[in-house]
Amino acid sequence: MADPLDDDPPRSPPPETLRAIQEQTTPDLTRNARRYAERRAQAVRAAGLPIPKHYDRELLDDAHADTWTGEAPWDPSRCSLLVHLCGVIKKRTWLETLHARRHRRASIDVSPNDRGWLVAPDIVERQMRDASQGDVSPIMVCALVVRVCHELRRVTGADPGRLAILQCWENGLTERAEVMALTGLDEVAYHRARIAVMYLSRQLPPELREVVEATLRSAS
Amino acid sequence: MNDDGFELSEELAPYWVAPANDVLPSERDEVVDPVLGIPTKDLRLVDSYFHELAMEAALDPRPNTPEEQAIDDALLARARERMTISPDELRALRRRR
């Protein structure tokens, strides 16, 4: 998706990049990227936003077209086409979620003091269970975010590598090359820390993991 | 560059030498989401976590169902057709739509 803030007209990718796009546009890439787009579409819907039919396919189709035209520039030496397309989809869905949430502000049915962390735990759990069945409210979004953040930070502990990964995530940075450049982690340390965070996240309280998974599943 | 288009590298780099002791820009200038009343960095953290879960789902080796295969075939056909057009032509076509 073209960045509306970018004044420079997009430049066509160089021939070697176009060749790399052609070579990497395979059935496997399509399957993997489509599955990623499905999950992102589910996460957008889980945030309480209506999404059009076939939104997931549109996400992938647009990301690929933007890459071909150079509107979403890709450097093949930096990452695979799959990682790039997922990054483009991630950015678009993040911005659309942010935009839609801010424009739905008037319809929010909770007062500023009625936020997730001030709600009694049983209400939070009920809201989150309801959300997994498609009934999403701002309280639920707050509750889910607060719980997931708390648990991720708890299971990550004080390990510097894992903390660095989490701090990158807090800044919206997930691409390996960028995380490594920012943190100074080498390839081995990066993989070890990332795998550890994902492994440890499986220790999230079962009911919370269930809600996260159900929220993503049910919103399709 | 993060998803809002801000270049963080130069600003962040000095803080990563000892992340346990230093304070990141996101913590110094904590921005709170005006709708949810939650720090933006928490929303980003969850969004990034969901991204990682989605990446794991993307790499799931299970084969496609027939329905999924039909979707993928159509997406791939569209992509291949698109790549027969030059980037400049495609940009012009999309502008006209």
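Student: In this predicted model, how many helices and how many strands are there in chain B?

Tutor: The elements of chain B, taken from the N terminus on, run α-α-α-α-α. Every entry in that pattern is written α, and the count for chain B is accordingly 5 helices and 0 strands.

Student: Which pattern does chain A follow when it is read along the sequence?

Tutor: Chain A has 10 helices, and its number of strands is 0. Read along the sequence, the pattern of chain A is therefore written with helices, a helix being a DSSP run of H or I with at least four residues: α-α-α-α-α-α-α-α-α-α.

Student: What percentage of the residues in chain A is buried?

Tutor: A residue counts as buried when its relative accessible area is under 20%. Chain B has 97 residues, and 45% of them count as buried. For chain A, which has 220 residues, the buried share is 53%.

Student: What share of the contacts in chain A between residues at least 6 apart in sequence joins residues at least 24 apart?

Tutor: In chain B, among contacts with a separation of 6 or more, residues 24 or more positions apart account for 12%. In chain A, among contacts between residues at least 6 apart in sequence, those that join residues at least 24 apart make up 70%.

Student: How much of the area that chain B exposes do carbon and sulfur atoms supply?

Tutor: Chain A exposes about 10500 Å², with carbon and sulfur atoms supplying 52% of it. Chain B exposes about 5300 Å², and the part of this area that carbon and sulfur atoms supply is 55%.

Notes:
Residues are numbered from 1 along each chain as its sequence is written. Chains are lettered from A and ligands numbered from 1 in the order in which they are written. This is a predicted model: local features need pLDDT of at least 70, side-chain atom pairs count only at pLDDT 80 or more; totals for chains, interfaces and linings use all residues. Side-chain values use heavy atoms; hydrogens and water are left out. Helices (H or I, at least four residues) and strands (E, at least two) are DSSP runs, numbered from the N terminus. Buried means under 20% relative accessible area, exposed over 50%, partly exposed in between (1.4 Å probe, protein chains only). Contact means heavy atoms within 4.5 Å. Accessible areas come from the Shrake-Rupley method with a 1.4 Å probe; for residues, only the protein chains shown count as cover.
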